[in-house]
Amino acid sequence: MTTPAGPLAAAPGARHARAPLGAELRTVLALVAPVLHHSSARLWQPQGLRARYLRYLVTMHTVIRASVPLMERARAACRDAPATDAAAGPLYRYLSAHIPRERHHDTWLLRDMEAAGLHPGDELSRPPSPEVARLVGAQYYWIDHFHPLCLLGYVAVLELNAPAAPLIPLLADRTGLPPAAFDTLRLHAEIDGGHSTAVLGALDESAPAPQVRAAVRLSALHTVTALADVLNSLTDPTDPAELTDQTDRTGGPAEREDH
């Protein structure tokens, strides 16, 4: 539990002779990037890709629908922060600019699901996976019980690890799904470079107290491992229905896999 002597009550103007936090976090994430690269490579391998991509669309919706609520929660915490909190102002300004850019991305995914032949209402009636709850849920804890700047560790990981544009036509070719099923990936590939620059810039500007700085790094590293678990769960589904169903969710025959 954060006390009045905790991170939200850091000494006014406290600054430390260290690299800006955004630059530091970029270096840290580069060191652990192989974790996500390995999980992504398994996710996008050709064998069984169509079924995995359908699961990916549904799962990413359960992640992305939480993005704006998380940012609104963090912005509200910034409004309530004491005047001595040097990180609250830069974070509030960043979130106020970024929230409108992130609205309706979950709606994009609903359209992709429909284009792929899925029925979003049916798919989203199932409980979200524990991997998604662990990925997203940690951010609610850090926002409410430590410091809202922790959210930018999460955002930085997602923005810096969006699928690259050249992957999209390859996925369309290998799955046989229509181009409209990849609109969200395409749009994110176009905009996420600027978004990653913005989030790292906000971290550079924030100049948080040392314990908050450490918590942002912790949030980012947790996000890397939790996101890898989400991607791995798509590659190795544990739901018996996923393992035994002989038809894909579009109603067509399941892919034959040569061994």
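1. Read along the sequence, this chain runs α-α-α-α-α-α-α-α-α-α-α-α, and its secondary structure accordingly comes to 12 helices and zero strands. Please keep in mind throughout that this is a predicted model, and that the points below describe that model.

2. As for the chain as a whole, 44% of its 259 residues are buried. Among contacts between residues at least 6 apart in sequence, 85% join residues at least 24 apart, and it is worth holding that figure in mind when individual contacts are listed below.

3. Helix α7 is a good one to study in detail: it covers residues 130–145, which is 16 residues, and it reaches 21 Å from its first C-alpha to its last, close to the 22 Å expected at 1.5 Å a residue. The helix nevertheless has a kink of about 30 degrees, centred on valine 136, and Val136 is also among the buried residues of α7.

4. Which residues of α7 are buried? They are Val132, Leu135, Val136, Ala138, Gln139, Trp142 and Ile143. When you look at how they are spaced, recall that an α-helix has 3.6 residues a turn, so residues three or four places apart point the same way. The buried residues of α7 pack against four helices, namely α2 (49–64), α3 (67–79), α8 (150–160) and α11 (210–235).

5. In soluble globular proteins, nonpolar side chains tend to be buried together. Here the largest nonpolar core has 64 residues, and the members that touch the most others are Tyr53, Leu149 and Leu152. Helix α11 gives the most to this core, with 10 residues. Leaving aside residues up to four places away in sequence, leucine 149 touches Leu21, Ala87, Leu91, Leu203, Ser206, Pro208, Val212 and Val216.

6. Is arginine 55, which lies in helix α2, buried or exposed? Arginine 55 counts as buried because its relative accessibility is 12%, and the cut-off for that term is under 20%. A polar atom of the arginine 55 side chain lies 2.5 Å from the backbone oxygen of leucine 234, a pair that the student may like to find in the structure.

7. Finally, a word on cysteines. A disulfide is a covalent bond between the sulfur atoms of two cysteines, and the structure holds zero of them. Cysteine 78 counts as buried because its relative accessibility is 8%, while cysteine 150 is buried with a relative accessible area of 0%.

Note on methods: Residues are numbered from 1 along each chain as its sequence is written. This is a predicted model: local features need pLDDT of at least 70, side-chain atom pairs count only at pLDDT 80 or more; totals for chains, interfaces and linings use all residues. Side-chain values use heavy atoms; hydrogens and water are left out. Helices (H or I, at least four residues) and strands (E, at least two) are DSSP runs, numbered from the N terminus. The expected span of a helix is 1.5 Å times one less than its number of residues. The bend at a residue is the angle between axes fitted to the seven residues ending there and the seven starting there. Buried means under 20% relative accessible area, exposed over 50%, partly exposed in between (1.4 Å probe, protein chains only). Contact means heavy atoms within 4.5 Å. A nonpolar core is a set of buried Ala, Val, Leu, Ile, Met, Phe, Trp, Tyr and Cys residues joined through side-chain atoms within 4.5 Å. A polar contact is a pair of N or O atoms within 3.5 Å; within protein, one must be able to donate a hydrogen and the other to accept it, and residues adjacent in sequence count only if both atoms are side-chain atoms. A disulfide is a pair of cysteine sulfur atoms within 2.5 Å.
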